[in-house]
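Trainee: I'm new to this one. Could you walk me through it, one question at a time?

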Amino acid sequence: MQKKICYLCGNELSSKIDRDHVPPKQFYSTEIRKKHSPNLFTLPVHKECNFSYQLDEDYFLNSIAPLASDSYSGKYIWQDIERKSKRPESKKLIYKVYYEFQPNLSYLIMPKGKIIKRFDGKRIFNIVWKITRGLYFKENNNYLPENTPRNFEFISVGQKPPDKFDYILNSKSMGDYPGVFDYKYVKFKEINDFNVWALLFWDRIIIFVMFHSPYCKCKICINSKL
């Protein structure tokens, strides 16, 4: 019988097991869950592994979701954020995100009606990678190591994705509730099992993730495991 492992650390599941929602449950607003009763996908993980991502998940939601507030699911997420912002323990995070919005920079003046949104890329892509690893485990029943070499490309709201991604955008949608979260992926076996994944959040924000499969034997992947 095959041992069950935690998709986050790759070790066998033992005590203190948790169920991790992929993507995080809080990405589905309270109102969406009440209206549509989505059957959300989960994976078993070590409780400690899951908890280690909590602060970054909170940051991702508060920093990125406001950009999608004009979509059906996004407006309800914004309601959740507004409600939680009144809690004393949320003040520090809310102020951090507030100051990420700027009308301009010293070296860049934005057109009328446009603003600049900064974000902590390390924390944002930490959660994007976590979600991708969970989906990879779901689709392939195979562990994707955290240290796998990868690249990300963030597509701003309203921006057209580069033509190089047309092949994946025209592929099959895999998300169960695409209005909140959708994903697509393609794999090129002839190019060292090169994976390209497209994640769509709240029907507005697209993030591409690119990496080789965990069993790839190319020089880059081998060196990453040393």
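Mentor: Sure, and let's settle some words before we start: Ala, Val, Leu, Ile, Met, Phe, Trp, Tyr, Cys and Pro count as nonpolar, Asp, Glu, Lys and Arg as charged, and the others, Gly among them, as polar. Keep in mind too that this is a predicted model.

Trainee: Okay, so how do the residues lining the largest pocket divide into nonpolar, polar and charged?

Mentor: The largest pocket holds about 440 Å³ of space, and 22 residues line it. Gln26, Gln54, Glu57, Asp58 and Lys84 lie nearest its centre. Sorted by kind, the lining comes out as six nonpolar, six polar and ten charged residues.

Trainee: Which element supplies the largest share of that lining?

Mentor: A few elements supply at least two lining residues each: β1 (17–21), α2 (47–51), α3, α4 and α5 (91–98). The largest share is five residues, and the element behind it is α3.

Trainee: Why is α3 described as largely enclosed by the rest of the structure?

Mentor: Buried means under 20% relative accessible area. In α3, the residues Asp56, Glu57, Tyr59, Phe60, Leu61, Asn62, Ser63 and Ile64 are buried. The helix counts as largely enclosed because the buried residues number eight of its eleven.

Trainee: Let's turn to the core. Which element gives the most residues to the largest nonpolar core?

Mentor: In soluble globular proteins, nonpolar side chains tend to be buried together. Here the largest nonpolar core has 45 residues, and those with the most contacts inside it are Phe27, Phe60, Ile131, Phe181, Leu199, Phe201 and Trp202. The elements giving two or more residues include α3 (54–64), α4 (72–84), α6 (121–140) and β9 (194–201). With nine residues, the one that gives the most is α6.

Trainee: And how many residues does the second, separate core have?

Mentor: Ile155, Val186, Leu200 and Met210 are included in that second core. One of them, Leu200, is also touched by Phe181, which is among the residues with the most contacts inside the largest core. The count for the second, separate core is ten residues.

Trainee: Any odd backbone spots? Which peptide bond is cis?

Mentor: Most residues other than glycine have a negative phi, and most peptide bonds are trans. The place to look is the loop between β1 and α1 (30–36), where Pro23 sits. With omega near 0°, the cis bond runs from Val22 to Pro23.

Trainee: Ser37 and Trp202 have a positive phi, about 45° for Ser37 and about 55° for Trp202. Is Trp202 buried or exposed?

Mentor: Neither residue is a glycine, Ser37 or Trp202. Ser37, in the loop between α1 and β2, is exposed, with a relative accessible area of 56%. Trp202 is in the loop between β9 and β10, and since its relative accessibility is 0%, Trp202 counts as buried.

Trainee: Last one: the side chain of Tyr143 reaches which backbone oxygen?

Mentor: Tyr143 is in the loop between α6 and β7 (150–155), and at 23% relative accessibility it counts as partly exposed. Its C-alpha is 9.7 Å from that of Asn11, although the two are 132 residues apart in sequence. Leaving aside neighbours within four places in sequence, Tyr143 contacts residues including Ile5, Tyr7, Cys9 and Pro214. At 3.3 Å, the backbone oxygen reached by the Tyr143 side chain is that of Cys9.

Key. Residues are numbered from 1 along each chain as its sequence is written. This is a predicted model: local features need pLDDT of at least 70, side-chain atom pairs count only at pLDDT 80 or more; totals for chains, interfaces and linings use all residues. Side-chain values use heavy atoms; hydrogens and water are left out. A nonpolar core is a set of buried Ala, Val, Leu, Ile, Met, Phe, Trp, Tyr and Cys residues joined through side-chain atoms within 4.5 Å. Buried means under 20% relative accessible area, exposed over 50%, partly exposed in between (1.4 Å probe, protein chains only). Helices (H or I, at least four residues) and strands (E, at least two) are DSSP runs, numbered from the N terminus. Contact means heavy atoms within 4.5 Å. On a 1 Å grid over the protein atoms alone, a cavity is a set of points where a 1.4 Å probe fits but cannot get out, and a pocket is an open set with protein on both sides within 12 Å along at least five of seven lines; lining residues have an atom within 4 Å of a point. Grid points are joined across faces, edges and corners, and a volume is the space filled by probe spheres set on the points. A polar contact is a pair of N or O atoms within 3.5 Å; within protein, one must be able to donate a hydrogen and the other to accept it, and residues adjacent in sequence count only if both atoms are side-chain atoms.
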